[in-house]
Structures are given as C-alpha cells and as structure tokens.
Amino acid sequence: MTIDRPTTLPPRWADRLLRLVLAARDRESVSGDLLEEYRQSIVPARGAGANGWYVRQVAGFLLRETWAWGALVAAICVWRYLLDTL
C-alpha cells in the first residue's frame, strides 16, 4: 500500500478538539507525536481504519483529562437530587 505520508491527515475536527483541550505548552509536542505515529505506523497498517484509531486516541485523552470534572458535576447533580427529594 503506497501512501503519501506528508498529505495524510487525521480528521480535522479531532485534531482541533485535541488542541483545544491541551495546554499551550503541550499543543505542538503532543499533537505532533500523535500525528507522527498516525502517519508512520497506523495509516500503513490500518488504511481506512486509521481515522478511527486517531479519534479513539483523542477520545481516550479527553476522558483522562476531564473525568474529574465529570465526576464532580455528577456528584453535584446527585446531591441536588437527594436534597430535592428530601
């Protein structure tokens, strides 16, 4: 399978979402490392499934970065529900 690696790009929306969540000091290094792995390893191995891999990597990063806030919001909602029912 021959692929033009410099023009092989992941989904634009996923890359933008990743850059939005990353701290300014980490944007270039983290997204660059992920893009490098995507182009060199994943696209040749998976072909059309490479975009799904990239989206899963971004989703996993978002989950790891935002789970604490999600748990806090869920706890507040449960607490509010309990107060309303009592």
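Me: At what angle do helix H1 and helix H2 pack?
Reply: In this predicted model, local features need pLDDT of at least 70 and side-chain atom pairs count only at pLDDT 80 or more, whereas totals for chains, interfaces and linings use all residues. Residues are numbered from 1 along each chain as its sequence is written, and side-chain values use heavy atoms, with hydrogens and water left out. Helices here are DSSP runs of H or I with at least four residues, numbered from the N terminus, and axes are lines fitted to C-alpha atoms over the stretch in contact, with angles from 0 to 180 degrees between N-to-C directions. For H1 (residues 12-21) and H2 (residues 27-46), the axes are 9 Å apart and the packing angle is about 150°.

Me: Are H1 and H2 roughly parallel or roughly antiparallel to each other?
Reply: Angles under 35 degrees count as roughly parallel, over 145 as roughly antiparallel, 65 to 115 as roughly perpendicular and the rest as oblique. The angle of H1 with H2 is about 150°, and the pair is therefore roughly antiparallel.

Me: Which helix supplies the largest share of the largest nonpolar core?
Reply: Such a core is a set of buried (under 20% relative accessible area) Ala, Val, Leu, Ile, Met, Phe, Trp, Tyr and Cys residues joined through side-chain atoms within 4.5 Å. The largest one has 13 residues, and Leu18, Leu34 and Trp53 are among those with the most contacts inside it. While H1, H2 and H3 (50-85) each supply at least two residues of this core, the largest share, 6 residues, comes from H3.

Terms used. Buried < 20%, exposed > 50% of the residue type's maximum accessible area, 1.4 Å probe, protein only.
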